[in-house]
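Open the model in your viewer and keep the selection panel at hand. The stops below go from one selection to the next.

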Amino acid sequence: MLTYIIPFLILILVVVFIHEYGHYWFAKRYGVGVTDFSIGFGKEIFGWNDKSGTRWKICWIPLGGYVKFFGDRNVFSQADQEKVLKQYNKEDQDRLFVLKPLYQRVLIVFGGPLANFLLAIAIFFSIYTFIGKDFTPAVINEVQKDSPAMIGGLKQNDVILEIDGNKVNSIMDVSKFITTSTGEIIDFKVERSDQEYLLKIKPNIVLSEDNLGNKINKRMVGIKLGAYNNEINHVKLGPAQALIHSVKEVYFVSSSSLKYIGSMFKGTGDTSQLGGPIRIAKITGQVAEIGVLPFISIMAYISVSLGLINLFPIPMLDGGHLMFYAFEKILGRPLSQKVQEGFFRIGMFLLLSLMFFTTFNDLKDIGLFN
């Protein structure tokens, strides 16, 4: 159990700290007072006050964190603008988040997700620079009989160039692009005898196991791959190329996640693959046992996911605040407290429903409901 819990806590500590520090950095940049910087929720385990009066603390429930601004009624940065004008003097008003210009409040709120994306870019950049990135072209060594690949026209010795419009830079990309595809048909662009062909393959959905032994519904086309001319091309990248590929990876993870969520709304996505804290802890522990590099890599992917989820327009999340600011820009005034409270109740219901559903999936995943 400790082999799962400790890596999970380390991962959460890092990605949540980076997220909240993004809010904190922009808040301090624009002179907003910060009263609390918390990793986790609930009762404080330990903490300390810095010279500016901010309470830095670790709390018992390690499922997030928050930065509470001076004058806020709660950790969700709610404050009544009319009341704070009467309650605080001019000097204190200059430190209030709620009275800052709209663009500053937007940047402070967006700073959390931005920090998560930058963390992921920094991790990928370091890996590509110091460890390297694979650029081995993907060649089909075998097409299984009567498989979707054979039916769709893929042949032995085809070089895979693109999958669903995503350029295949490496043999490692093929499984990734097939797994993250959401359509009923997968488009393959291949090179065969110096000519390019676009082929449409309908994958089979097979209950299988991933590399860590977890059961997943896997999209299979029925091909086995090999290196082009049996040569492995693994290279360390220069700073510019490493940065470009790092940004591309963050973009791919984000866009694939949004496509997956879109497929669930359409009723075509596999909701059983949605996981919560238990599944994340399990996978984090399994990856940590493999080595430090896989653990740091999954930290990058979790960081992207945290940043992306927080941008959803759900009250209580950063995206919900940004939605309120969009209304404020359009209307020329903030939404009333009553309307905001209504939105927050809806947001609470949506988040609790999602937590219940993902926790149920997690418990099924560990065999409690099998």
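Select helix α7 (residues 239-266) and α9 together: the two pack at an angle of about 55°, with their axes 10 Å apart. Axes here are lines fitted to C-alpha atoms, for helices over the stretch in contact, and angles run from 0 to 180 degrees between N-to-C directions. Helices (H or I, at least four residues) and strands (E, at least two) are DSSP runs, numbered from the N terminus. α7 and α9 are therefore oblique to each other; angles under 35 degrees count as roughly parallel, over 145 as roughly antiparallel, 65 to 115 as roughly perpendicular and the rest as oblique. Their crossing is right-handed, where a crossing is left-handed if the near helix is turned anticlockwise from the far one by less than a right angle, and right-handed if clockwise.

Now show side chains. E249, V250, V253, S254, S257 and L258 of α7 meet Y301, V304 and L308 of α9, contact meaning heavy atoms within 4.5 Å. By class, this contact of α7 with α9 has six nonpolar residues, two polar and one charged. Ala, Val, Leu, Ile, Met, Phe, Trp, Tyr, Cys and Pro count as nonpolar, Asp, Glu, Lys and Arg as charged, and the others, Gly among them, as polar.

Before going on, note that this is a predicted model, in which local features need pLDDT of at least 70, side-chain atom pairs count only at pLDDT 80 or more, and totals for chains, interfaces and linings use all residues. Residues are numbered from 1 along each chain as its sequence is written, and side-chain values use heavy atoms, with hydrogens and water left out.

Colour by pLDDT, the predictor's confidence in each residue, from 0 to 100. The protein has a mean of 86, and 87% of its residues reach 70 or more. Among its elements, helix α4 (residues 102-131) has the highest mean pLDDT, 96, and helix α2 (residues 81-87) the lowest, 66.

Keep α9 (residues 292-309) and add α4: these two pack at about 155°, with axes 8 Å apart. α4 and α9 are therefore roughly antiparallel to each other, and their crossing is left-handed. Residues in this contact include N116, A120 and I127 of α4 and S297, A300 and G307 of α9. The contact of α4 with α9 has 16 nonpolar and four polar residues, and no charged ones.

Swap α9 for α7. The axes of α4 and α7 come within 8 Å and cross at roughly 130°; the two helices are therefore oblique to each other, with a right-handed crossing. Among the residues that meet are F117, F124 and Y128 in α4 and P239, H245 and E249 in α7. This contact divides into 11 nonpolar, four polar and one charged.

Next, hide the helices and select strand β4 (residues 138-143). Which residues stand opposite V139? V159 in β5 does, and so does G226 in β11. β4 pairs with β5 (residues 159-163) in the antiparallel sense over two bridges, and strands pair if DSSP finds at least two bridges between them. Five bridges join β4 to β11 (residues 223-227), also antiparallel.

Move to I160 of β5. A138 stands opposite I160, and the bridge partner of I160 in β7 is V190. β5 and β7 (residues 186-192) run antiparallel, joined by four bridges.

Finish at β6 (residues 166-167), which two bridges join to β5 in an antiparallel run. N166 in β6 stands opposite I163. The hairpin of β5 and β6 has two residues between the strands, and D164 takes a positive phi near 55° there.
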